[in-house]
Amino acid sequence: MDDLRETLFEECADLLEAMEAGLQRLDAGEGSEETVHAVFRAVHSIKGGAAAFGLDAVTDLAHATETVLDAVRAGALATDGALTALLLAATDHLADLVAAARDGGEADATRSAEIMMRLAAARPAVSGEDMAEFAFEPVALDLDLDEVPAVDARTVRIRFQPHAALYARGNEPTLILRALEDLGEIDVRCDPGALPTFDDLLWSDSYLVWDIALTTTADDDTIAEIFDFVRGDCALTIDPPDDRADDEAVSSADPAPIAVGPPRPTVRVDLDRVDRLIDLLGEMVTGQAMLAQAVRDAGLSPNSPLASGVDAILRLTGEMQESVMAIRAQPVGTVFRRMSRIVREAAQASGKRVSLQIEGAETEVDKTIIEHLADPLTHLLRNAVDHGLEGPEARRAAGKSEEGCIRLSARHRSGRILIEIADDGAGIDRTRVRDRAVESGLIPADARLDPGEIDALIFAPGFSTADSVSNLSGRGVGMDVVRTTIEALGGRITLRSAEGRGTEITVSLPLTLAILDGMLVEVAGQPVVLPLSVLTETLLPPPGALHPAHDGGHLLQLREALLPVRDVAATLGFRPARTTLHDGVMLIAERADGQRLALHVDVVHEQRQVVIKGLDAVAGQVPGVAAATILGDGRVALILDIEQLDRAPDRVRPPLRLVG
C-alpha cells in the first residue's frame, strides 16, 4: 500500500505540472480546446487517485476545480485572466494539499475554504430573473408514440488490453466496462489466446484482453472519452461500425480505426542503486587510468595488443559514462515549472504585474544538479520581481508596458549548462548600491570601484538595498546564499545590468558532479587538472608576446588582444612568482562572462576523464580549487576552478596596463 501511495504522489506531481503548464498557455492566449481537455483530465485523475486513498481535502478541491473546468469545456464559462488566475491558485493549493498528505503535515483548511468559495462563485449560475422565464406550468401533450423517429444504432468493436501500470495506478477495468454498458448493449468476451501457460505466468504482468461489441447510438467521441484516463496504460483499438462500408452516406475518407499502442516500457529504480552504479563507474575510470599508466611505464608500443585493448576499454568506459549519466539526466523543466508559482506569489506580494517566459525547459542536466537548483532560482526570481522590476506607474512613466517580463532560460554550452534570469526592469542603481555598501561598512567611503565591482557587492553577505523587511527581501540573505550554493556545485554566477533596460544573471553549472573531462597539466612538479570545457586553445608564447604589467604580473598579446596571465604554480602557492614566464605553456581559458585569460603551466600531458572527489570534508574551501582526483599512478591531482583562480586573494589586482 505504501508503494501505491508513493506512486500516487509521483503521478500527482506530474499531473499538477501538466495542469499548470496548460493553464499558463490559456492565460497567455495560446491554449486550445484540447488544452482545456488536458487540464480537465489532469484534475480528474488527481481527484480519482485522492479519493481512492481517502484524501478528502485533495478530493474536494479537485472536484470544485473540475466543476469549473467542465463549465469551460461546455462553453458556459470563458477563460479570462481572472479565471485562469483563480485556477492557477487552485492548482498551487492542490500542490500544497498533496504535499501535506505525502509528508503528514497539516493542510490549510482556511485557504481551501477560500478557494472553494471563489470557485463556486465562478461557476455559471441561473439568476432569479432567468428562473422566472422557466416557471413551471403543466402542459398536456398529445404523443403519438408510433410516430417517434427511431435513432439508428450501430455496432462498434473495441479491443481493450490493460497494461500492468493500469492496475498499479488503482484503475479497475470493470468500471470501464460498466461505463460502456451505460451507452448501450455490450457483448464482452475475454480472449483466451492471450493467456500464457501456467509455467510462464507472472503475477506482475497483465494478460487479460477483452473484445467488446458495443451496440449504441453514442458518437465516437463519447465512446473514446471513457478511455481518456487510461490511454497511456493500455493497448486500445476502436473500429468503425461493421455496416459503415455499405453506407452510401459515409465517404471513403472516414477516419481509420483509433489505435493506441503500448507506451515505451519504463522501470522505476531506486536512486541509490543508480548512485552506486556511478560510484563503480568512477572506480572503473580510475582503474582504466592505472592500466594505461602501467602500459606507458612498461614502454609498450601504442600498437601492441595490450595498448590497443586499453584504448578499447577507454572507449567503452566513455560510452558507459554517457549511458549512466543519461539515466540520471532530467530536464530542468521539472524545476522551471515550479518557478512559475514563485513568480506569481512574489508579484502578488509586491503588487506588480509580472509574466514569466520559460525557454529551454527540455535541457537536461544531472539529477544532483536539479536537486540543488530550486533554492538559488527562488532567490533570484524573487529578487528580480522585488528589486529588478518597477511598479506599474513607474513602468508607464518610463514608456514600458505595465506588465514586467522575466525570462528564465537554459541551454548547453561547452559541456556545461547555462541558466539565465533576465528582467526588463530598471537595472541596478549603482549609486544606491554603493551608498548602501558604505552605510553597511562593506567598503570604505573613499573606495574607487568600477561598475562590475559595484555589481559584485550585491553578492556580499548581509547586503540589501531594501528599506524594510518584507516577505520577499530586506534581511540581507539571499544573493550571497545563491553564490555560495552555486560555487559549491562547481558553478559560476555572473551579472550584467543596463540602466533602464534590465538585469541579466547567468549561472554556469557542470552537467554532472561525478566525472569530468579535463586537461592534465603539471606545475612545479605537481599534477593539476583544468576543466576542458573552459579551455579554448593551447600555445607556446612566441618571443615578444609577453609584457610586464605595472603590478609585477604579465600580459600575453594574443593576436589583437591583451590577456592577463596567471602563473598557476605561484597562485596555488607551489612556488614564488617568477619575473619571466617565457618557458612553459600557455592555456587560454574563457570565464563565464566571456573574458579570457592565459594560464601558465610547465607541462601539458593529455586530455583524460577524471573522477571528481570533493575536498570540503577534509580541506574546506580552497581558493582556486574545485575538487581533486586520483591519477593512474596513485597521485592526487587538484581540479582547478578558473573563476576562483582568477579571484584568488594574492592575484587580485587593479586594471592591467603595459609598462613602458
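Buried residues account for 40% of the 660 residues in the protein chain, and keep in mind that this is a predicted model. The chain's secondary structure adds up to 20 helices and 23 strands. Take the contacts between residues at least 6 apart in sequence: 68% of them join residues at least 24 apart. Below you'll find the nonpolar cores, the salt bridges, two residues to look up, and a cavity.

**The nonpolar cores**

- Here's some background: in soluble globular proteins, nonpolar side chains tend to be buried together.
- In this model, the largest nonpolar core has 45 residues. Leu377, Leu380, Ile406, Leu408, Ile419, Ile421 and Leu509 are the ones with the most contacts inside it.
- Helices and strands both feed this core: at least two residues each come from α12 (333–350), α13 (367–388), β9 (403–413), β10 (416–423), α15 (430–439), α17 (479–488), β11 (492–498) and β12 (502–510).
- The top contributor to this core is α13, which gives eight residues.
- Try clicking on leucine 377. Setting aside its neighbours within four places in sequence, leucine 377 is in contact with Val335, Phe336, Met339, Leu408, Ile419 and Ile421.
- Another core, of 34 residues, lies apart from that one, and its members include Ile46, Ala62, Leu83 and Leu88.

**Salt bridges**

- The general idea is that side chains of opposite charge can pair when their charged atoms come close.
- Searching the whole structure turns up 34 salt bridges.
- Glutamate 402 pairs with arginine 353, and their closest N and O atoms are 3.6 Å apart. This pair ties together distant parts of the chain, 49 residues apart: glutamate 402 sits in the loop between α14 (392–397) and β9, while arginine 353 is in strand β7 (residues 353–359). Glutamate 402 counts as partly exposed because its relative accessibility is 27%, and arginine 353 also counts as partly exposed, at 45%.
- Lysine 400 makes a salt bridge with glutamate 390, with 2.9 Å between the closest N and O atoms. These two are 10 residues apart, lysine 400 being in the loop between α14 and β9 and glutamate 390 in the loop between α13 and α14. Glutamate 390 has a relative accessible area of 14%, so it is buried.
- Aspartate 602 forms a salt bridge with arginine 575, the closest N and O atoms lying 3.0 Å apart. Here the two ends are 27 residues apart: aspartate 602 is in the loop between β20 (596–601) and β21, and arginine 575 is in the loop between α18 (568–571) and β19 (585–590). Aspartate 602 counts as partly exposed, at 24% relative accessibility, whereas arginine 575 is buried, at 15%.
- Some salt bridges join up into a network, one that links Glu20, Asp92, Asp96, Arg341, Arg344 and Glu345.

**Two residues to look up**

- Glutamate 20, a member of that network, lies in helix α1 (residues 2–27). With a relative accessible area of 9%, glutamate 20 is buried, because the cut-off for buried is under 20%.
- Leaving out residues up to four places away in sequence, glutamate 20 touches Leu88, Thr91, Asp92, Arg337, Ser340, Arg341 and Arg344.
- Lysine 367 belongs to helix α13. At 21% relative accessibility, lysine 367 counts as partly exposed.
- Although lysine 367 and alanine 329 are 38 residues apart along the chain, their C-alpha atoms are separated by 5.7 Å.
- Not counting residues up to four places away in sequence, lysine 367 touches Leu271, Arg328 and Gln330.

**The cavity**

- Rolling a probe the size of a water molecule over the atoms shows where empty space is left.
- A search of the whole structure comes up with one cavity of 30 Å³ or more. The largest cavity holds about 50 Å³ of space.
- Its lining is made up of Val285, Thr286, Ala289, Arg608, Gln609, Val610, Val611, Thr629, Ile630 and Leu631.
- Three elements, α10 (271–297), β21 (603–611) and β22 (625–630), give two or more residues to that lining. β21 provides the largest share, four residues.
- Sorted by class, the lining of the largest cavity has six nonpolar, three polar and one charged residues.

Conventions:
Residues are numbered from 1 along each chain as its sequence is written. This is a predicted model: local features need pLDDT of at least 70, side-chain atom pairs count only at pLDDT 80 or more; totals for chains, interfaces and linings use all residues. Side-chain values use heavy atoms; hydrogens and water are left out. On a 1 Å grid over the protein atoms alone, a cavity is a set of points where a 1.4 Å probe fits but cannot get out, and a pocket is an open set with protein on both sides within 12 Å along at least five of seven lines; lining residues have an atom within 4 Å of a point. Grid points are joined across faces, edges and corners, and a volume is the space filled by probe spheres set on the points. Ala, Val, Leu, Ile, Met, Phe, Trp, Tyr, Cys and Pro count as nonpolar, Asp, Glu, Lys and Arg as charged, and the others, Gly among them, as polar. A nonpolar core is a set of buried Ala, Val, Leu, Ile, Met, Phe, Trp, Tyr and Cys residues joined through side-chain atoms within 4.5 Å. Buried means under 20% relative accessible area, exposed over 50%, partly exposed in between (1.4 Å probe, protein chains only). Contact means heavy atoms within 4.5 Å. A salt bridge is a side-chain nitrogen of Lys or Arg within 4 Å of a carboxyl oxygen of Asp or Glu.
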